[in-house]
Amino acid sequence: MDTLTVGEVARESGASGSAIRFYERQGLIAASRTSGNQRRFGPDAACRVRVARVAQRIGLSVGEIRDLLAALPPEPSLADWQRLHAQLTVEAERRIAELHVALDDIRSGRRLCDL
């Protein structure tokens, strides 16, 4: 199995090296160590980081993202990634709908509070 360094995962995912180490500490990606104690990530690490970054932009917490990624098998198939894509799409649409309701409240002209 090909492994990737922190720099390679960062480059492939568009994240910084410090973000890669953060995601590892949070359990979103996992690394093994070489005999020289260097981190090595599996071939899907960059994909997991890209998913995590999108999920963060949607507004998911690190814990929610961890749960989503933990539901994937160790070697996800295309169908597994497609299911995750569908879950993120549904969640993003749900959150957008909630924001539209909040925006309607703001634009309604009703007083939001009496100070």
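This passage walks through the pockets, salt bridges, loops and surface of the structure. The model is a predicted one.

Pockets come up first. Rolling a probe the size of a water molecule over the atoms shows where empty space is left. The largest pocket holds about 380 Å³ of space. Its lining runs to 22 residues, and the ones nearest the centre are Ala30, Gly42, Asp44, Arg48 and Pro74. Several elements chip in: β1 (31-33), β2 (39-41), α3 (45-58) and α4 (62-70) each give at least two residues to this lining. The largest share comes from α4, which supplies 3 residues. Sorted by class, the lining of the largest pocket has 13 nonpolar residues, along with 4 polar and 5 charged ones.

The second largest pocket has about 160 Å³ of space. Around this second pocket sit Cys47, Arg50, Val51, Val54, Trp81, Gln82, Leu84, His85 and Leu88. Here α3 and α5 each provide at least two lining residues, and α5 gives the most, with 5. By class, the lining of the second largest pocket splits into 6 nonpolar, 2 polar and 1 charged residues.

Next, the charged side chains. Side chains of opposite charge can pair when their charged atoms come close. The model has 8 salt bridges, counting a Lys or Arg side-chain nitrogen within 4 Å of a carboxyl oxygen of Asp or Glu. One of them pairs Arg95 with Glu64, with 3.7 Å between the closest N and O atoms. Arg95 belongs to helix α5 and Glu64 to helix α4, so this pair ties together parts that lie 31 residues apart in sequence. The two partners differ in how they are covered: Arg95 counts as buried, at 19% relative accessibility, because the cut-off for buried is under 20%, whereas Glu64 is partly exposed, with a relative accessible area of 36%.

Other bridges stay within α5 (78-107). Glu91 and Arg94 meet at 2.6 Å, N to O; both lie in helix α5, 3 residues apart, or about one turn of the helix. Arg94 also forms a salt bridge with Glu98, this time at 2.3 Å, N to O. Arg94 and Glu98 are 4 residues apart in α5, which again puts about one helical turn between them. Arg94 is partly exposed, at 38% relative accessibility, and Glu98 is partly exposed too, at 46%. Through shared partners, salt bridges join Glu64, Glu91, Arg94, Arg95 and Glu98 into one network.

Two loop residues are also worth a look. Gly14 is in the loop between α1 (6-13) and α2 (17-25), and counts as exposed, at 53% relative accessibility. The C-alpha atom of Gly14 is 8.5 Å from that of Ala46, although the two residues are 32 apart along the chain. Asn37 is found in the loop between β1 and β2. Most residues other than glycine have a negative phi. The phi of Asn37, however, is positive, near 65°. Asn37 is exposed as well, with a relative accessible area of 52%.

That leaves the nonpolar surface. Leu103, Ile106 and Leu112 make a nonpolar surface patch of about 300 Å². Of these residues, Leu112 lies in the segment after α5, and at 64% relative accessibility Leu112 counts as exposed.

Key:
Residues are numbered from 1 along each chain as its sequence is written. This is a predicted model: local features need pLDDT of at least 70, side-chain atom pairs count only at pLDDT 80 or more; totals for chains, interfaces and linings use all residues. Side-chain values use heavy atoms; hydrogens and water are left out. Patches are made of residues with over 30% relative accessible area and no salt bridge: like charges are joined within 9 Å, nonpolar side chains (Val, Leu, Ile, Met, Phe, Trp, Tyr) within 5 Å. Accessible areas come from the Shrake-Rupley method with a 1.4 Å probe; for residues, only the protein chains shown count as cover. Buried means under 20% relative accessible area, exposed over 50%, partly exposed in between (1.4 Å probe, protein chains only). On a 1 Å grid over the protein atoms alone, a cavity is a set of points where a 1.4 Å probe fits but cannot get out, and a pocket is an open set with protein on both sides within 12 Å along at least five of seven lines; lining residues have an atom within 4 Å of a point. Grid points are joined across faces, edges and corners, and a volume is the space filled by probe spheres set on the points. Ala, Val, Leu, Ile, Met, Phe, Trp, Tyr, Cys and Pro count as nonpolar, Asp, Glu, Lys and Arg as charged, and the others, Gly among them, as polar.
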